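Here is a short set of exercises to work through with the model open beside you. Try each task before reading its solution.

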Amino acid sequence: MITLRDKEINKLAAILKLPEDQLERLHSMRLLEEGKAIDILVKFEFARLKRTGLYNVKQITEALMKEYDISRGKVQNAIYDKRKAKYYCSKCGRIISRHRHLNYDVCESCAIESIEI
């Protein structure tokens, strides 16, 4: 599991233009989704390093993998926004599959409850 260190919280506060103490408080209350926070950091650092023109994509990816102790796939997902979309039941809010969302827009339980016998 990814955990944010003080160094990452400081960087994130600077990127988001929020006070560090506020972000630290949210982190201590476990209100920050650490995966998304790492995605923001990776995307920001990738863009910054790419602008310098000193490194290629592979080198930057390797450095980010090492810095944040994450896989190549996680780095690429953060850089290219490849996270899977989540779909929710329109009645109860449960997560449903893409197929279920496109065809029915409700989960199995809500579909069964709507049947009148």
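**Exercise 1. Find the handedness of the crossing of helix 4 and helix 5, then describe how the two helices pack.**

Solution. Bear in mind throughout that this is a predicted model.

Step 1: the crossing of helix 4 and helix 5 is right-handed.

Step 2: helix 4 spans residues 57–68 and helix 5 spans residues 72–80; the angle between them is about 115°, and their axes lie 9 Å apart. Angles of 65 to 115 degrees count as roughly perpendicular, so helix 4 is roughly perpendicular to helix 5.

Step 3: list the partners. Helix 4 brings Val-57, Thr-61, Glu-62, Leu-64 and Met-65 to the contact, while helix 5 brings Arg-72, Val-75, Ile-79 and Tyr-80. Sorted by class, the contact has six nonpolar, one polar and two charged residues.

**Exercise 2. Decide whether Thr-61 is buried or exposed, and name the residues that Thr-61 touches.**

Solution. Step 1: locate Thr-61, which sits in helix 4.

Step 2: apply the cut-off. Buried means under 20% relative accessible area, so Thr-61, at 4% relative accessibility, counts as buried.

Step 3: look for neighbours. Leaving out residues up to four places away in sequence, Thr-61 touches Arg-72, Val-75 and Ile-79.

Step 4: compare with another residue of the same helix. Gln-59 also has its place in helix 4, but at 42% relative accessibility Gln-59 counts as partly exposed. The C-alpha atoms of Gln-59 and Leu-49 are separated by 9.9 Å, with the two residues ten apart along the chain.

**Exercise 3. Work out which residues of helix 5 are buried and what covers them.**

Solution. Step 1: the buried residues in helix 5 are Val-75, Ala-78 and Ile-79. Because they cover an arc of only 95° around the axis, they are on the same side of helix 5. The general rule helps here: an α-helix has 3.6 residues a turn, so residues three or four places apart point the same way.

Step 2: the cover over the buried residues of helix 5 includes helix 3 and helix 4.

Step 3: follow the chain onward. Just after helix 5 comes Asp-81, with a positive phi of about 50°. Lys-82 lies in the loop between helix 5 and strand 1, and at 53% relative accessibility Lys-82 counts as exposed. From Lys-82 to Thr-61 the C-alpha distance is 15 Å, for a sequence separation of 21 residues.

**Exercise 4. Describe the buried side of helix 1 and the packing of helix 1 with helix 3.**

Solution. Step 1: Glu-8, Ile-9, Leu-12 and Ala-13 are the buried residues of helix 1. Their arc around the axis is only 140°, which puts them on the same side of helix 1. Among what covers them are helix 2, helix 3 and helix 4.

Step 2: turn to the pair. Helix 1 (residues 6–16) packs against helix 3 (residues 34–52) at an angle of about 70°, with 10 Å between the axes. The two are therefore roughly perpendicular to each other.

Step 3: the contact is formed by Glu-8, Lys-11, Leu-12 and Ile-15 of helix 1, together with Ala-37, Ile-40, Leu-41, Phe-44 and Glu-45 of helix 3. These residues divide into six nonpolar, no polar and three charged.

Step 4: finish at the end of helix 1, which is followed by Lys-17, a residue whose phi is positive, near 55°.

How values were computed: Residues are numbered from 1 along each chain as its sequence is written. This is a predicted model: local features need pLDDT of at least 70, side-chain atom pairs count only at pLDDT 80 or more; totals for chains, interfaces and linings use all residues. Side-chain values use heavy atoms; hydrogens and water are left out. Axes are lines fitted to C-alpha atoms, for helices over the stretch in contact, and angles run from 0 to 180 degrees between N-to-C directions. Helices (H or I, at least four residues) and strands (E, at least two) are DSSP runs, numbered from the N terminus. Angles under 35 degrees count as roughly parallel, over 145 as roughly antiparallel, 65 to 115 as roughly perpendicular and the rest as oblique. Contact means heavy atoms within 4.5 Å. Ala, Val, Leu, Ile, Met, Phe, Trp, Tyr, Cys and Pro count as nonpolar, Asp, Glu, Lys and Arg as charged, and the others, Gly among them, as polar. A crossing is left-handed if the near helix is turned anticlockwise from the far one by less than a right angle, and right-handed if clockwise. Buried means under 20% relative accessible area, exposed over 50%, partly exposed in between (1.4 Å probe, protein chains only). The arc is that of the directions from the helix axis to the C-beta atoms.
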